[in-house]
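Me: I'd like to learn how to read helix packing and a ligand shell from a model. Could you walk me through it?

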Amino acid sequence: MSNPLRIAVAGLGTVGAGTISILQRHRDMIAQRAGRDVTIVAASARDLTKKRDIDLSGIDIVNDAVSLATRSDVDVVVEVIGGHEGAAKTLVESALRAGKHVVTANKALIAHHGVMLAKLSEIHGVTLAFEAAVAGGIPVIAALRSGLAANRIEKISGILNGTCNYILSRMYHEQLEQGVVMADAAKLGYLEADPSLDIDGIDAAHKIAILASLAFGTQVDVAGVKATGIRSITLRDVRYADAFGYRIKLLGVAEFHDGTLIQSVHPALVAKALPLASVDSSFNAVQIEGDSVGRVMFEGRGAGAGPTGSAVVADIIALARGDRYPAFTVPTASLIASSAGDVHAQRACFYLRLSLKDEPGVLAEFTRVFAEEDISVRAITQRDIAEDASAQVVVLTHVTTSGQIARAHQKIAGLAVCVAPPVLMQMEG
Ligand SMILES: NC(=O)c1ccc[n+]([C@@H]2O[C@H](COP(=O)([O-])OP(=O)(O)OC[C@H]3O[C@@H](n4cnc5c(N)ncnc54)[C@H](OP(=O)(O)O)[C@@H]3O)[C@@H](O)[C@H]2O)c1
């Protein structure tokens with residue numbers, strides 16, 4: 001066997017502990033698969049007095065994460081601190097400049113600075129790997145890099161935020177309001193320190209931006225993701241969707257056609273017959289459509305010490321084996337600077353829930369808006385009277401453009417008969 005691969009792990013939280021525990025538990029198996037031993041030389045944490053549930057004997061634990069970048073006894077720096085600025089960014093940049101390979105689970109860092117860091121890795125002849133940054137334990141980056149490399153990818157979509165999927169699943173199965181499930185999710189530690197990252201679709205936006213770059217060979221464009229989260233979704237919407245044969249899911253979607261990249265994160269009604277509809281709880285799923293293979297779907301746990309550690313260790317084993325590849329599957333110089341496509345030109349059917357004054361003539365007012373915007377309506381149903389005495393009316397449209405429905409949504413929201421902001425969702429299948 002050749003020399004051991006020497007690792008430093010920056011961060012001893014959920015993912016850092018998961019990574020160390022797998023490397024220790026499967027030491028012999030990993031050595032066999034990697035063709036050499038993998039040794040943890042050093043690790044870092046902010047608080048050196050904190051009790052950790054892992055065996056840290058023989059590992060040099062330091063407080064200064066960035067110092068790991070320049071240690072002569074380290075070949076690979078594993079960054080599992082988090083955040084797209086500060087210590088994580090400084091550490092990764094310093095490590096690459098010092099000629100160390102870097103493995104990270106940090107989607108925010110890769111979404112915001114991935115191309116700059118990939119360039120640095122090319123200049124210094126090292127590898128930047130981030131399988132754990134997207135969909136946790138699902139090996140989707142390896143699939144895009146190798147298993148599906150023969151395909152022109154036309155579309156990539158999926159359930160990329162386990163916390164939102166957990167919230168929507170419990171709302172559906174237990175008929176609970178979002179606020180109740182959110183409180184539980186916070187107690188269980190499922191929410192990011194800033195819950196808006198999950199609930200407002202920002203975390204999923206980071207992931208779809210990374211996936212789009214890998215799938216289409218485009219520059220990562222996180223600012224180009226139109227992100228809407230799940231805040232406006234109520235139990236009422238979950239129930240109505242169910243009655244129409246749909247589940248509500250937060251989807252990340254990216255498509256690339258003729259140099260134009262369209263990326264979005266949005267809650268959608270997904271027909272129960274579609275595989276994505278039955279991806280429940282905190283599970284993630286990624287669906288890839290390739291021109292030769294057709295549709296491929298991966299499902300698995302998107303977070304947690306085990307699943308995320310599994311992805312980090314997979315990257316470490318690949319490095320130990322000597323696998324070297326460009327961070328975004330192609331050299332950064334050949335990543336295409338795409339133009340952001342017009343989301344408003346996209347065509348779909350839509351669900352629109354209106355809270356209207358329960359009085360005569362109301363129907364005529366909002367149906368006039370649909371006529372003005374040339375939107376063909378498939379069904380209009382009055383579902384119930386809400387606690388605020390508003391009539392709950394659901395409109396399902398035939399295929400229309402996002403632009404038309406957005407204008408109709410805005411006009412209806414401005415009507416005097418509309419007592420609360422209408423809830424608008426795309427329908428899939
Ligand atoms: N948790 C998941 O399931 C999951 C899944 C996929 C990807 N990720 C990504 O993995 C990364 C780590 O997530 P995590 O859940 O493991 O985080 P975490 O549990 O909060 O752990 C973060 C670790 O980094 C240390 N740290 C925090 N700020 C630091 C700073 N400024 N300088 C040096 N060290 C610092 C902390 O030290 P102390 O322990 O002393 O506080 C802790 O050990 C993030 O990028 C996250 O997005 C996480």
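Reply: Gladly! Let's start with handedness: a crossing is left-handed if the near helix is turned anticlockwise from the far one by less than a right angle, and right-handed if clockwise. Keep in mind that this is a predicted model.

Me: In which hand does helix 1 pass helix 11?

Reply: Helix 1 passes helix 11, residues 305-321, in a right-handed crossing. Their axes come within 8 Å and cross at roughly 65°.

Me: Which residues of helix 1 and helix 11 meet there?

Reply: From helix 1 come Thr14, Val15, Ala17, Gly18, Thr19, Ser21, Ile22 and Leu23. Facing them in helix 11 are Ala305, Gly306, Thr308, Gly309, Ser310, Val312 and Val313. Sorted by class, this contact has seven nonpolar, eight polar and no charged residues.

Me: Now the angles, please. How do I turn a number into a word?

Reply: Angles under 35 degrees count as roughly parallel, over 145 as roughly antiparallel, 65 to 115 as roughly perpendicular and the rest as oblique. Take helix 4 (residues 107-123) and helix 9 (residues 202-216), which pack at about 55° with axes 9 Å apart. That angle makes helix 4 oblique to helix 9.

Me: What is the hand of that crossing, and which residues make the contact?

Reply: Helix 4 passes helix 9 in a left-handed crossing. Helix 4 contributes Lys107, Ala108, Ile110, Ala111 and Gly114, while helix 9 contributes Asp203, His206, Lys207, Ala209 and Ile210. By class, that contact of helix 4 with helix 9 holds five nonpolar, two polar and three charged residues.

Me: How are helix 6 and helix 7 arranged?

Reply: Helix 6 (residues 162-174) and helix 7 (residues 178-187) pack at about 130°, and their axes are 9 Å apart. Helix 6 is therefore oblique to helix 7. Helix 6 passes helix 7 in a right-handed crossing. In the contact, Thr163, Tyr166, Ile167, Arg170 and Met171 of helix 6 meet Gln178, Val181, Met182 and Ala185 of helix 7. The class count for helix 6 with helix 7 is six nonpolar, two polar and one charged.

Me: On to the ligand. Which residues come nearest?

Reply: A shell is read by asking who is there, then where they sit. There are 25 residues around the ligand, and Gly11, Gly13, Gly82, Ala105 and Ala303 come nearest. Two or more shell residues each are given by helix 1 (14-25) and helix 3 (86-97). Helix 1 supplies the largest share, three residues. The shell divides into ten nonpolar, eleven polar and four charged residues.

Me: And the whole protein: how many helices and strands does it have?

Reply: The protein has 13 helices and 18 strands. Its radius of gyration is 24 Å, close to the 22 Å from the globule rule for 429 residues, so the protein is as compact as a globular protein of that length. Along the principal axes, its C-alpha atoms fill a box of roughly 80 × 45 × 35 Å.

Terms used. Residues numbered from 1 in each chain as written. Predicted model: local features only at pLDDT ≥ 70, side-chain atom pairs only at ≥ 80, totals over all residues. Near = placed C-beta within 6 Å. Helix = DSSP H or I, 4+ residues; strand = E, 2+ residues; numbered from the N terminus. Nonpolar A, V, L, I, M, F, W, Y, C, P; charged D, E, K, R; others polar. Axes fitted to C-alpha atoms, helices over the stretch in contact; angles between N-to-C directions. Contact = placed C-beta atoms within 7 Å. Rg over C-alpha atoms; globule rule 2.2 N^0.38 Å.
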